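Here are some exercises to work through with the model open beside you. Try each task before you read its solution.

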Amino acid sequence: MPDPRLAELSRRLPDLRLLTAPGDLEHYGRDWTRRWTPAPLAIALPASVEEVQVIVRWANEQQVAIVPSGGRTGLSGGAVAANGELVLSLERMDRVLDFNAVDRTLTVQPGIILQTVHEAARSHGLIYPVDFAARGSCSIGGNIATNAGGIRVIRYGNTREWIAALKVVTGNGELLELNRGLIKNSSGYDFRQLMIGSEGTLGIVVEATLKLTDPPPPSQVMLLALPDMDALMQVFELFRERLQLQAFEFFTDHALAHVLAHGAQRAIDGDYPYYVVTEFDAVDEPARDAALAAFEHALEQGWVSDGVIAQSEAQAAALWRLREGITESLASRRPYKNDVSVRISAVPAFLHDMQALLAHEYPQIEVIWFGHIGDGNLHINVLRPDDLAEEAFIAQCEHVTKLLASTLQRHGGSISAEHGIGLVKRAYLESTRGAEEIALMQGVRKVFDPNGVLNPGKLFVGS
Ligand code: 2HG
Ligand code: ZN
């Protein structure tokens with residue numbers, strides 16, 4: 001006997017693809033967090049903006065919550081459906097709709113995979129510069145929902161910088177056309193920016209116009225081994241001053257051990273506590289000499305213990321794999337993740353406090369750090385020991401997250417740099433945003449989604 005609410009939806013949209021098989025509910029009901037047991041009502045796969053609107057209106061009438069869904073590579077539970085929600089997957093809306101050479105924009109549907117966007121931009125001699133390891137599976141709609149950052153933020157900024165226009169279906173089912181690709185538009189509130197990073201709680205992105213830019217000049221990739229975090233910050237300052245950085249990423253020996261065990265190639269002999277993968281413009285011989293001189297200076301100062309410069313594209317890719325392969329190499333262990341940020345100037349003092357906190361709170365537990373140190377963004381992955389039950393482990397990690405949140409508060413940081421709040425970090429939102437600000441955020445949510453049908457329970461506790 002089909003659910004009467006679904007029967008009504010099918011009556012309104014006879015051509016809508018609706019899935020209810022247990023395997024589909026499980027597949028579409030979860031993201032990369034793997035912490036919650038998926039339990040959606042059904043999966044809807046609309047093929048048009050109009051279908052999305054009808055689904056949202058139906059959800060209002062039937063009081064069914066909607067979880068908007070892209071590539072589900074999220075790490076904060078933002079796309080988890082564990083409470084009888086309708087998952088609204090945008091994966092069939094995955095086409096490039098337009099390229100405009102004069103405006104240098106690419107208009108796409110939200111379900112398009114980031115890598116396909118990269119390829120489409122390159123086919124026109126341009127790039128879409130937001131990039132990260134999940135590029136092969138994550139969708140643009142999801143990137144917009146979390147204001148995704150990644151490995152090129154130091155050069156290009158976050159997703160927010162690269163959205164020229166959005167079409168969005170609100171919680172009422174209305175279609176909004178936001179900013180229409182304008183570069184200059186001083187005509188009041190910019191709802192486009194409000195939608196970016198709203199984690200599917202204000203509207204469903206049904207179309208996005210992306211800004212494109214020129215490809216970067218030829219670059220070099222360097223791997224550095226370093227003795228400690230202070231040295232790492234010195235090298236960052238030196239390299240940022242002398243080179244045109246495209247990326248500056250770090251990871252620890254623990255992270256390296258996991259990626260190597262997962263099949264990556266060792267590039268530096270010996271064991272060192274910290275590593276950096278950096279990429280910088282290397283337009284000509286003088287630029288390459290400047291990079292070598294910076295490296296040698298760091299070596300003389302004792303900030304760097306060893307290093308290699310990639311001599312080919314294959315070697316550059318192998319060095320990048322050491323950094324980009326970390327999440328995948330840990331995935332089967334289902335780590336507890338923190339994704340925090342502070343201003344770059346606050347990084348040294350924050351690191352000092354955080355290192356002391358983690359050493360004290362996790363004395364017997366393997367903690368893996370890595371991330372976008374050049375953006376003040378650190379990822380902390382905590383691995384559950386075999387002899388600790390899952391619940392006790394999560395309870396311990398949540399206790400430490402509370403302490404971390406107050407450390408962040410002291411340093412003016414954020415409990416989520418780029419993964420979003422979702423379900424995972426909603427209890428800690430107050431460490432980053434004031435109570436008045438959160439109340440205003442909830443008020444804004446009511447304006448765009450009066451009946452609270454869009455992704456309820458995400459971002460805020462209890463709504
Ligand atoms: C990265 O920087 C991603 O590789 C994932 O943001 C971070 O797995 C993580 O904690
Ligand atoms: Zn990251």
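Before the metal site, a ground rule: donors are N, O and S atoms within 2.8 Å of the metal (3.2 Å for Na, K and Ca), and because water is not among the atoms, sites may look incomplete. This is a predicted model, where local features need pLDDT of at least 70 and side-chain atom pairs count only at pLDDT 80 or more, while totals for chains, interfaces and linings use all residues. Residues are numbered from 1 along each chain as its sequence is written, chains are lettered from A and ligands numbered from 1 in the order in which they are written, and side-chain values use heavy atoms, leaving out hydrogens and water.

**Exercise 1. The metal site**

Task: find which residues coordinate the zinc ion (ligand 2), and work out where H379 and E418 sit.

Solution:
- Start at the metal. The zinc ion (ligand 2) has H372 (NE2), H379 (NE2) and E418 (OE) as its donors, at 1.9 to 2.1 Å.
- Now read along the chain: the donor spacing is H-x6-H-x38-E.
- Place two of them. H379 is in strand β16 and E418 is in the loop between α14 and α15, so this pair links distant parts of the chain, 39 residues apart. Helices (H or I, at least four residues) and strands (E, at least two) are DSSP runs, numbered from the N terminus.
- Check burial, where buried means under 20% relative accessible area, exposed over 50% and partly exposed in between (1.4 Å probe, protein chains only). H379 counts as buried because its relative accessibility is 3%, and E418 is buried too, at 11%.

**Exercise 2. The sheet around β16**

Task: give the strand order of the open sheet of seven strands, then say which strands helices α8 and α14 touch.

Solution:
- Two strands pair if DSSP finds at least two bridges between them. The order is β13-β10-β12-β11-β15-β16-β14, and the pairing is antiparallel.
- At the edges are β13 (306-309) and β14 (336-341), each pairing on one side only.
- On average, neighbouring strands are turned by 15° against each other, direction ignored. Axes here are lines fitted to C-alpha atoms, for helices over the stretch in contact, and angles run from 0 to 180 degrees between N-to-C directions.
- Contact means heavy atoms within 4.5 Å. Helix α8 (residues 229-242) packs on the sheet and touches β10 (219-226), β11 (245-252), β12 (274-281), β15 and β16, its direction making about 175° with that of β11.
- Helix α14 (residues 390-410) packs on the sheet as well, touching β14 and β16, and its direction makes about 5° with that of β14.
- Zoom in on one pair: β15 (residues 367-372) and β16 (residues 377-382) run antiparallel and share six bridges. V367 has V382 as its bridge partner in β16.

**Exercise 3. A covered strand**

Task: decide whether the two faces of β6 are covered or open, and trace its neighbours.

Solution:
- In a regular strand the side chains alternate between the two faces of the sheet.
- Apply that to β6 (residues 105-108). T105 and T107 on one side are buried, and so are L106 and V108 on the other; both faces are covered.
- On to the neighbours: strand β5 (residues 96-100) pairs with β6 in the antiparallel sense over four bridges, with N100 opposite T105.
- β5 and β6 make a hairpin with four residues between them, and R104 in the turn has a positive phi of about 55°.
- Strand β9 (residues 203-211) is joined to β6 by four bridges and also runs antiparallel to it; here T107 faces T209.

**Exercise 4. An aromatic cluster**

Task: which ring pairs link Y189, F191 and F448?

Solution:
- Rings of Phe, Tyr and Trp (its six-membered ring) pair if their centres lie within 6.5 Å; planes under 30 degrees apart count as stacked, over 60 as edge-to-face and the rest as tilted.
- Y189 and F191 are tilted, at 6.1 Å centre to centre with 45° between the planes.
- F191 and F448 are edge-to-face, at 5.3 Å and 90°.
- F191 lies in helix α7 (residues 191-195) and F448 in helix α15 (residues 435-448), so this pair ties together parts that are 257 residues apart in sequence.
- Finish with burial: Y189 is exposed at 74%, F191 is partly exposed at 30%, and F448 is buried at 8%.
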